[in-house]
Amino acid sequence: MSHVFDPEKLKVLEDAGRLEELPVEELTGHLVPGDVLDLGCGPGLYTSAVAEVMGGRVIGADLQPEMLDRFRKRGVPQNVELVRCIGRALPYSDGALTSVVSVHVLHEFAGDGTLEEVYRVLGDGGVLVLVDWRKQEMERGPPLEHRISVEEAREMTSSAGFSVVEERPLGPFYLLVCVNA
Ligand SMILES: C[S@@+](CC[C@H](N)C(=O)[O-])C[C@H]1O[C@@H](n2cnc3c(N)ncnc32)[C@H](O)[C@@H]1O
């Protein structure tokens, strides 16, 4: 949790253009039926989009109350529940969830036990979809030294117990699909 996103800058997270650069179907196309957790939901651009596509219960979880307050101001879809919590201590029992998505958060929680915790709350066959910034110099996004390369992400998710079933670049980002198998 060494580099948490500055809530003062949250407007950039609300830019609807993000949904063109990273269409929500890139996330939802991998999810399995059941409860979905959006870990590090911020002000909820992707949480709401996932909720619309999936139709079932979606949990938007974030560490920072400012993010959840902003999400409430923007409007929370009926099938979304907001929870303030930290990734390394999720308030769910073993195997309680079937899918977790996390967009641009891995570099903020990497190494703090969150991936192991996500593995715990996902049941057998549960899916984790991660998107994060490629580890390259860019004008946007987190500084290079905060970024986690796709190779590091693969190693971290595998160490947490996951099988990586898909890994590919998505413009300035990469996508990693991991299964609790
Ligand atoms: C870059 S923002 C991305 C927000 C959202 N996923 C999006 O793409 O619009 C990262 C978010 O993750 C949250 N976050 C970072 N570390 C976290 C942790 N360990 N547990 C829960 N939330 C975390 C931050 O508070 C912030 O809202």
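Let's start at helix 4 (residues 65–74), whose buried residues are Met-67, Leu-68 and Phe-71. These three span an arc of only 95° around the axis, so they sit on the same side of helix 4. That fits the usual geometry: an α-helix has 3.6 residues a turn, so residues three or four places apart point the same way. Flip to the other side of helix 4 and you find Pro-65, Arg-72 and Lys-73, which are exposed. Bear in mind as you look around that this is a predicted model.

So what covers the buried residues of helix 4? The cover includes strand 2 (58–62) and strand 3 (80–84). Helix 4 lies across both of these strands, and its direction makes an angle of about 160° with strand 3. Just after the helix comes Gly-75, with a positive phi of about 110°.

Now zoom out to the whole chain. It holds seven helices and seven strands, and reading along the sequence gives the pattern α-α-β-α-β-α-β-β-α-α-β-α-β-β. The radius of gyration is 15 Å, close to the 16 Å that the globule rule gives for 181 residues, so the chain is as compact as a globular protein of that length. If you box the C-alpha atoms along the principal axes, you need roughly 40 × 40 × 30 Å. Of the 181 residues, 39% count as buried. Among contacts with a separation of 6 or more, 64% come from residues 24 or more positions apart.

Next, the sheet. Its seven strands make an open sheet with mixed pairing, in the order 3-2-1-4-5-7-6. Which strands stand at the edges? Those are strand 3 and strand 6; each has a single partner strand, so one side of each is left without a neighbour in the sheet. From one strand to the next, the twist averages 15°. As a reminder, strands of a sheet pair through backbone hydrogen bonds, either parallel or antiparallel. Strand 5 (residues 122–133) and strand 7 (residues 173–179) are an antiparallel pair, joined over seven bridges. One spot to look at there is Val-129, whose bridge partner in strand 7 is Val-177.

Val-129 also turns up in the core. The largest nonpolar core has 45 residues, and Val-50, Val-100, Leu-128 and Val-129 are the ones with the most contacts inside it. Helix 3 (residues 45–54) gives the most to this core, with six residues. In general terms, nonpolar side chains tend to be buried together in soluble globular proteins. For a closer view, pick Leu-128: leaving aside residues up to four places away in sequence, it touches Val-100, Val-118, Leu-122, Phe-162 and Cys-178.

Helix 7 (residues 150–159) is the next stop. Its buried residues are Ala-153, Met-156 and Thr-157, and they share the same side of helix 7 because they cover an arc of only 95° around the axis. Glu-151 and Ser-159, on the other side of helix 7, are exposed. The elements covering the buried residues include helix 5 (106–109), helix 6, strand 5, strand 6 and strand 7. Just after helix 7, Gly-161 takes a positive phi of about 120°.

Finally, compare two glutamates. Glu-117 is found in helix 6 (residues 114–121). Is Glu-117 buried or exposed? It is buried, because 21 other C-beta atoms lie within 10 Å and the cut-off for buried is 20 or more. Not counting residues up to four places away in sequence, Glu-117 touches Gly-87, Arg-88, Ala-89 and Leu-90. Glu-117 and Gly-141, by contrast, are 24 residues apart in sequence and 26 Å apart in space, C-alpha to C-alpha.

The other one, Glu-167, lies in strand 6 (residues 163–170). Glu-167 has 16 C-beta neighbours inside 10 Å, so it counts as partly exposed. With residues up to four places away in sequence left out, Glu-167 touches Val-150, Arg-154, Tyr-174 and Leu-176. Take Val-150 from that list: Glu-167 and Val-150 are 17 residues apart in sequence and 8.0 Å apart in space, C-alpha to C-alpha.

Conventions:
Residues are numbered from 1 along each chain as its sequence is written. This is a predicted model: local features need pLDDT of at least 70, side-chain atom pairs count only at pLDDT 80 or more; totals for chains, interfaces and linings use all residues. Helices (H or I, at least four residues) and strands (E, at least two) are DSSP runs, numbered from the N terminus. A residue is buried if 20 or more other C-beta atoms lie within 10 Å of its own, exposed if 12 or fewer, and partly exposed in between; C-beta atoms are placed from the backbone. Two residues are in contact if their C-beta atoms, placed from the backbone, lie within 7 Å. The arc is that of the directions from the helix axis to the C-beta atoms. The radius of gyration is taken over C-alpha atoms; the globule rule is 2.2 Å times the number of residues to the power 0.38. Two strands pair if DSSP finds at least two bridges between them. Axes are lines fitted to C-alpha atoms, for helices over the stretch in contact, and angles run from 0 to 180 degrees between N-to-C directions. A nonpolar core is a set of buried Ala, Val, Leu, Ile, Met, Phe, Trp, Tyr and Cys residues joined through C-beta atoms within 7 Å.
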